[in-house]
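Here are my notes on the structure you sent over. Keep the view open while you read and look up each spot as we get to it.

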Amino acid sequence: GFMEYYVWRCDFNSTELKGIEFTLSYYYNKIEYARFSSSVGEYVGFTKFGVYNADRWNKDPAEMATRRAEKETYCQHNIGVWYSNV
């Protein structure tokens with residue numbers, strides 16, 4: 001069968017917000033079809049299906065506000081936990 005999954009990732013060089021990048025990647029059958037990156041600030045599609053969805057998501061103000069806030073609410077919030085485990 002086929003599998004769809006998402007990968008949430010925070011890359012950071014410091015605990016400050018400017019040193020953090022949030023990435024959300026969407027995969028179907030092991031192929032990445034769309035990605036949101038906080039450094040780009042919007043979704044980018046890599047396949048026909050991904051381009052279609054990226055355009056749709058980029059036009060949704062609620063979706064964009066949620067994703068743009070993830071860097072602070074998800075990444076920065078959890079950095080202390082991740083650092084203490086390392």
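1. Let's start with how the chain meets itself. Take the contacts between residues with a separation of 6 or more: 36% of them join residues 24 or more positions apart. Keep in mind that this is a predicted model.

2. Now the general layout. You should find two helices and four strands in the chain. Going along the sequence, the order is β-β-β-β-α-α. The C-alpha trace spans about 40 × 30 × 15 Å along its principal axes.

3. What about inside and outside? The chain has 86 residues, and 31% of them count as buried. About 5900 Å² is exposed, with carbon and sulfur atoms supplying 53% of that area. As for charges, there are 10 positive and 11 negative ones, and their mean positions lie 4 Å apart.

4. Next, zoom in on threonine 23, which sits in strand S2 (residues 20-28). Is threonine 23 buried or exposed? Its relative accessible area is 2%, and buried means under 20%, so threonine 23 is buried. Leaving out residues up to four places away in sequence, threonine 23 touches Val7, Trp8, Arg9, Arg35, Phe36 and Ser37.

5. Then try serine 39, in the loop between strand S3 (31-37) and strand S4 (42-45). Serine 39 has 58% relative accessibility, and the cut-off for exposed is over 50%, so this residue counts as exposed. Which side chains does serine 39 reach? One polar contact, at 3.0 Å, goes to the side chain of glutamate 21. Another, at 2.9 Å, joins the side chain of serine 39 to that of serine 37. Also have a look at isoleucine 20: it is 19 residues from serine 39 along the chain, and their C-alpha atoms are separated by 9.0 Å.

6. Last stop, helix H1 (residues 48-58). Its buried residues are Gly50, Asn53, Ala54 and Trp57. Why do they count as being on the same side of H1? Because they cover an arc of only 105° around the axis. Here is the textbook background: an α-helix has 3.6 residues a turn, so residues three or four places apart point the same way. Turn to the face of H1 that points away from the buried side, and you'll see the exposed residues Lys48 and Tyr52.

Technical notes. Residues numbered from 1 in each chain as written. Predicted model: local features only at pLDDT ≥ 70, side-chain atom pairs only at ≥ 80, totals over all residues. Heavy atoms only, no water. Buried < 20%, exposed > 50% of the residue type's maximum accessible area, 1.4 Å probe, protein only. Polar contact = N/O pair within 3.5 Å; in protein donor to acceptor, adjacent residues only side chain to side chain. Arc of directions from axis to C-beta. Contact = heavy atoms within 4.5 Å. Areas by Shrake-Rupley, 256 points an atom, 1.4 Å probe, with all protein chains shown as cover. Lys, Arg positive; Asp, Glu negative; His and termini not counted. Charge placed at Lys NZ, Arg CZ, Asp CG, Glu CD.
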